[in-house]
Amino acid sequence: MIDQATVDRIIDAANILDVVSDFVTLRKRGVNYIGLCPFHDEKTPSFSVSPSKGICKCFSCGKGGSAVHFIMEHEQLSYYEALKYLAKKYNIEIKERELTDEEKQVQSDRESMLIVNSFAQEYFTNILFEHAEGRSVGLAYFHERGFRDDIIKKFSLGYSLEQRDALFKEAEKRGYKKDYLLKTGLCLEGQNGYVSDRFRGRVIFPVFSLSGKVLAFGGRILKKDDKMAKYVNSPESEVYHKSNELYGIYHAKQSIVKNDCCFLVEGYTDVLSMHQSGIENVVASSGTSLTPGQIRLIHRFTNNIIVLYDGDAAGIKASLRGIDLILKEGMNIKVVLLPDGDDPDSFSRKQSAASFTEYIKSHEVDFIRFKTNLLLESAGEDPIKRAALITDIVQSISIIPDAIVRSVYTKECSRLLDVNEEILLREVNKKKFDQITKENTPSKDNTAVEAEVTKKSEDNIEQDVSSENAPDLPKRRAASPLDTFERSLVRYMIRYGHRIIFSCPDEETGQTFDWAVLPYIMADLQQDEIEFQHPLYSQMAREAVDKYESEGEHLERYFLSHPDPEISKTAVDMVSEKYQLSKIHTKFQKVETEEERLAELVPRALFELKNAIVCMNIKKLRDEIKKAGKEKDTVRITELMSEITALNGVKAALAKQLGERIISPL
């Protein structure tokens, strides 16, 4: 953990204009700067940078924040990784808290393994370019495949000498421990204690993490040897879990975000060739079946995946099950079948970025339609095979979490398969409901599940699986009528917490007492025993009170740089101003600013919240009266009417402060 003093130094040093200018061309507009948003394609600049507030925000896609959060979003780093990035930029020494002995050992092992991997990558790359065998064998192979030196260096490709223990000897010479060479899988130890290099005689493809650290290696043998595997990869280790990594993700992440799309290919050279052709939003599964971890890694950057196939029907069918996992994640999948005889590597080398993109646009097909047509070809007119095909397609559609998308695909498949849509829909619903039942079974008694299933009709299944009970859908808090009013008060607390709005004389001492915005709001709410209902606004209000004295005038900055991205982004939205008042409006008259009107606006915001609470409570009481009326409970009805009368009295008092035009039932 980075100590707070160092965090403060980094935040103080990080000039938002300086940081954003590294990635975006900005021009001045009024007191702010604008440019094209780096997070989505646009022709008209909507990305605004405010040096005075230290924030940036795109008023089109909504992304932005402080300098730390801009780096987090742009470079896809964690909060602390972004702090380290900025610390390095501004030459600030990082001081971290003391770790426990156990934490130190784990961190030491991981860091040592990463250091050894980094050494190995530099060693392999140096051999490729500087050693005679590396140039004549490894570099010659890459050149023969058509790869330019800039691409070879971009991906830090390398070569491991044919010598049995060349890497091991060099590592020992430089002081690296044998234990970490074995743990990373760079070396192997025989029964006689003899150590050899795992990747000897192979060209090397380093695998990078999201932040650019070397996690593992892939090695391809160049000589023909039926006894040896064509490709060898690093084994699982403390730093490398292949089910959670994708080749090329480090070099592709920014392009994926910018294009809102990711190309998925199979091998290392497919990625290299596409980059060389100018297509950078591409990753590879490295010949392994897709895993949920890899899919979620892509999902961090985009909802859209385009899978490129080389036309090998057997290979396509083998990968269909893995791609079903993408559907289950709720992502949009399209498939492009390349011309016969071409794979992504060979095809992209024949194309420019423009022609490649044009081919994709003209040949992409959504995955369900592609799968249906593919299986139809193999099924032919055989009724048994066609029935199995329909079952297979229904299974794929049923795992899609979005009910509307399921409905659209069901209709399309009904047309393609020439099967009644109602029959398909019924089968899809059954499959979906079976999935929900299966996932809920461990936490419920089986008999209870069966009883629940029998209560649901097939007509209602679609509605049930698309509701908040569906396991694949995030459960979001329902909006409350109070949210808007609570947000307004929190906004005043963050932006103007220390601004004085009232000065009141103390009757006992005769001295004048100043009321600032934040303590005035909290005192007024506490007097009426009102608490924020929205969890996020409640947390922000509590932290604002806690930090009021220590942060002083920097309360706004505290929230803008908050480590919780949800809080910091909310704070950015609260302090951002999309429009600036033109000078023409102030040329002939003085226009009062929001800050100058706080004495009017803050009390009004409090009255509006109280009015909303009263209206909401009246509505609840009216609902209870309806219920009591059905039960013919006259005593309860009388009690409820009395409560409504009292609330109407409060509502009338609020009306005098707010004006009749806004007093309306919610």
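Helix H17 makes an easy check on this predicted model. H17 covers residues 383–398, and at 1.5 Å a residue its 16 residues should span 22 Å; the end C-alpha atoms do sit 22 Å apart, which agrees. The buried residues along H17 are Leu-389, Ile-393, Val-394, Ser-396, Ile-397 and Ser-398.

**The N-terminal sheet and helix H26**

Five strands build an open sheet, ordered S1-S2-S3-S4-S5, with antiparallel pairing. Strand S1 (27–29) and strand S5 (64–65) take the edges with a single partner strand each, so one side of each has no neighbour in the sheet. Inside that order, strand S2 (residues 32–35) pairs with strand S3 (residues 47–50) over three bridges, again in the antiparallel sense. If you want a spot to look at there, Ile-34 stands opposite Ser-48 in S3.

What packs on this sheet? Helix H26 does, touching strand S4 (55–58) and S5, and its direction makes about 85° with that of S4. H26 runs over residues 565–575 and includes Lys-569. Here is a nice case of sequence distance versus space: Lys-569 and Gly-65 are 504 residues apart in sequence, yet their C-alpha atoms are 6.0 Å apart. Lys-569 itself is partly exposed, with a relative accessible area of 41%. The buried residues of H26 are Ile-567, Ser-568, Thr-570, Ala-571, Val-572, Met-574 and Val-575. At the N-terminal end of H26, Asp-564 acts as a cap, with a side-chain oxygen 2.9 Å from the backbone nitrogen of Glu-566.

**The S9-S10-S11 strands**

Next stop is strand S10 (residues 214–221), where eight of its eight residues are buried. Strand S9 (residues 202–208) is joined to S10 by seven bridges, and the two run antiparallel. Within that pairing, Pro-206 has Phe-217 of S10 as its bridge partner. S9 and S10 make a hairpin with five residues between them, and Gly-212 in the turn has a positive phi of about 95°. S10 is also joined to S11, by three antiparallel bridges. One place to see this is Gly-219, whose bridge partner in S11 is Val-232.

**Aromatic pairs**

The count of aromatic pairs comes to 24. Take Tyr-247 and Tyr-268: their ring centres are 4.6 Å apart and their planes are at 75°, so the pair is edge-to-face. Tyr-247 lies in the loop between strand S11 (231–233) and helix H10 (249–259), while Tyr-268 lies in helix H11 (residues 268–276), so the pair ties together parts 21 residues apart in sequence. Both Tyr-247 and Tyr-268 are buried.

Phe-263 and Phe-356 form another edge-to-face pair, at 6.0 Å centre to centre with 85° between the planes. Phe-263 comes from strand S12 (residues 262–265) and Phe-356 from helix H15 (residues 353–363), so this pair ties together parts that are 93 residues apart in sequence. Both count as buried, and the cut-off for that is under 20% relative accessible area: Phe-263 has 8% and Phe-356 has 0%.

Which residues do ring pairs link into a cluster with Tyr-247 and Tyr-268? They are Tyr-141, Phe-142, Phe-147, Phe-155, Phe-205 and Tyr-231.

Helix H11 also holds Ser-273, which counts as buried at 0% relative accessibility. Leaving out residues up to four places away in sequence, Ser-273 touches Phe-147, Asp-345, Ser-348 and Arg-349. Phe-147 is one of the ring-pair cluster as well.

**Two positive phi angles outside glycine**

Ser-156 and Glu-529 are worth a click. Phi of Ser-156 is near 55°, positive in a residue other than glycine, and Glu-529 likewise has a positive phi near 55°. Buried or exposed? The table has the accessibility of each residue.

| Residue | Phi | Loop | Relative accessible area |
|---|---|---|---|
| Ser-156 | near 55° | between helix H7 (149–154) and strand S6 (158–160) | 14%, buried |
| Glu-529 | near 55° | between helix H23 (517–527) and helix H24 (535–551) | 73%, exposed |

Note on methods
Residues are numbered from 1 along each chain as its sequence is written. This is a predicted model: local features need pLDDT of at least 70, side-chain atom pairs count only at pLDDT 80 or more; totals for chains, interfaces and linings use all residues. Side-chain values use heavy atoms; hydrogens and water are left out. Helices (H or I, at least four residues) and strands (E, at least two) are DSSP runs, numbered from the N terminus. Buried means under 20% relative accessible area, exposed over 50%, partly exposed in between (1.4 Å probe, protein chains only). Two strands pair if DSSP finds at least two bridges between them. Contact means heavy atoms within 4.5 Å. Axes are lines fitted to C-alpha atoms, for helices over the stretch in contact, and angles run from 0 to 180 degrees between N-to-C directions. A polar contact is a pair of N or O atoms within 3.5 Å; within protein, one must be able to donate a hydrogen and the other to accept it, and residues adjacent in sequence count only if both atoms are side-chain atoms. The expected span of a helix is 1.5 Å times one less than its number of residues. Rings of Phe, Tyr and Trp (its six-membered ring) pair if their centres lie within 6.5 Å; planes under 30 degrees apart count as stacked, over 60 as edge-to-face and the rest as tilted.
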